[in-house]
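Thank you all for making the time this morning. I would like to walk through one structure with you, starting from a single pair of side chains and working outwards from there.

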Amino acid sequence: MLRKAITSGARATRSAARAPAASQALLRPQFQQTQTFAPAFRLRAAQPAVSRWYSSEPDSKADAKAKEGDAAAPESANPELDALKKQLEAKEKEALDWKDKCLRSVADFRNLQDRTSREMKSARDFAIQKFAKDLVDSIDNLDRALGMVPESKLSPAADASEAAKDLANLHEGLRMTETVLMNTLEKHGLERFSPEGDKFNPNEHEATFMTPQPGKEDNTVFHVQSKGFKLNGRVLRAAKVGVVKNK
């Protein structure tokens, strides 16, 4: 009996606990439908724009005070500062003067270097000028001696006399000597030129006579009396020539 009473009491307790949960489940949708929410923010009504007005006329009092301050500024300046400014200006002017003098001195020194270099080069190139002038006459005499032998005697026959053979050998030796001499002089800048057939050039030629020559142009060199010489491109002695003049 006791066991039945305990079992029936437990069942009644469980049924009582389930009844409120079911009633809440039935009432929840109705509660959700009736619930309302307030908006998170509200729109503020638009306010009219506010405009400000400014005066375009200058403030006469403020301008007057500013002018008075500017006028009073020089009077209240420090005299020591003015003296320092004057000294600074004087030093700057002195520095500019010294800079100008320095630049002029450098330019003069460079010009002196260039002039000295040119003079030294000219002295090296024309150091043998006097010696070359004295040697030119000897070269002319050697050239004339070689030209005095006829071409027919320079190639003697096999049965020619001993004198003819000796003359040919002597001429050949003199020709070789002249060649070696001229090669040596050319190494030192002395050159010989023969202007036969060229146009007359008063800077390089000296006309000793002029004569008509049929079939040749005027002012043309047709005869070379003595050849000319140049030392490092400078005319040492002009060539003495005969010039054509048909008119």
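Which residue forms a salt bridge with glutamate 217? The partner is lysine 199, and the closest N and O atoms of the two are 3.1 Å apart. Glutamate 217 sits in the loop between E2 and E3, while lysine 199 sits in the loop between E1 and E2, so this pair ties together parts of the chain that are 18 residues apart in sequence. As for their surroundings, glutamate 217 is exposed, with a relative accessible area of 54%, and lysine 199 is partly exposed, at 47%. Please keep in mind throughout that we are looking at a predicted model.

Let me step back to the overall layout. The protein has 5 helices and 6 strands, and from the N terminus on they run α-α-α-α-α-β-β-β-β-β-β. Of its 247 residues, 14% are buried, and the accessible surface comes to about 20800 Å², with 56% of that belonging to carbon and sulfur atoms. Among contacts with a separation of 6 or more, 63% are between residues 24 or more positions apart.

The structure holds 10 salt bridges, and a second one worth our attention joins glutamate 178 to arginine 192, at 3.2 Å from N to O. This pair links distant parts of the chain, with glutamate 178 in helix H5 and arginine 192 in strand E1, 14 residues apart. Glutamate 178 counts as buried because its relative accessibility is 4%, which is under the 20% cut-off, whereas arginine 192, at 25%, counts as partly exposed. Arg175 belongs here too, since salt bridges that share partners join Arg175, Glu178 and Arg192 into one network.

A third salt bridge is a more local affair, between lysine 91 and glutamate 94, with the closest N and O atoms 4.0 Å apart. The two are 3 residues apart in helix H3, which means that about one helical turn separates them. Lysine 91 is exposed, at 55% relative accessibility, and glutamate 94 is partly exposed, at 37%.

Returning to H5, the helix covers residues 162-187, and its 26 residues should span 38 Å at 1.5 Å a residue, which agrees with the 38 Å between its end C-alpha atoms. Its buried residues are Ala168, His171, Glu178, Met182 and Leu185, and what covers them includes helix H4, strand E1 and strand E4. Just after this helix, glycine 189 takes a positive phi of about 95°.

Helix H4 has a buried acidic residue of its own, namely aspartate 140, whose relative accessible area is 8%. Neighbours within four places in sequence aside, aspartate 140 is in contact with Phe229 and Arg237.

Finally, the aromatic rings. How many aromatic pairs does a search of the whole structure find? There is 1, and it is formed by phenylalanine 209 and phenylalanine 222, whose ring centres are 5.7 Å apart and whose planes meet at 80°, so the pair is edge-to-face. Phenylalanine 209 lies in strand E2 and phenylalanine 222 in strand E3, 13 residues apart. Phenylalanine 209 is partly exposed at 33% relative accessibility, while phenylalanine 222 is buried at 17%. Rings also take part in two charge arrangements: the charged end of arginine 234 sits over the ring of phenylalanine 126, 3.7 Å from its centre, and that of lysine 101 sits over the ring of tryptophan 98, at 5.0 Å.

Notes: Residues numbered from 1 in each chain as written. Predicted model: local features only at pLDDT ≥ 70, side-chain atom pairs only at ≥ 80, totals over all residues. Heavy atoms only, no water. Helix = DSSP H or I, 4+ residues; strand = E, 2+ residues; numbered from the N terminus. Expected span 1.5 Å × (residues − 1). Buried < 20%, exposed > 50% of the residue type's maximum accessible area, 1.4 Å probe, protein only. Contact = heavy atoms within 4.5 Å. Areas by Shrake-Rupley, 256 points an atom, 1.4 Å probe, with all protein chains shown as cover. Phe/Tyr/Trp six-rings, centres within 6.5 Å; stacked < 30°, edge-to-face > 60°. Lys NZ or Arg CZ within 6 Å of the ring centre and 35° of its normal. Salt bridge = Lys/Arg side-chain N within 4 Å of Asp/Glu carboxyl O.
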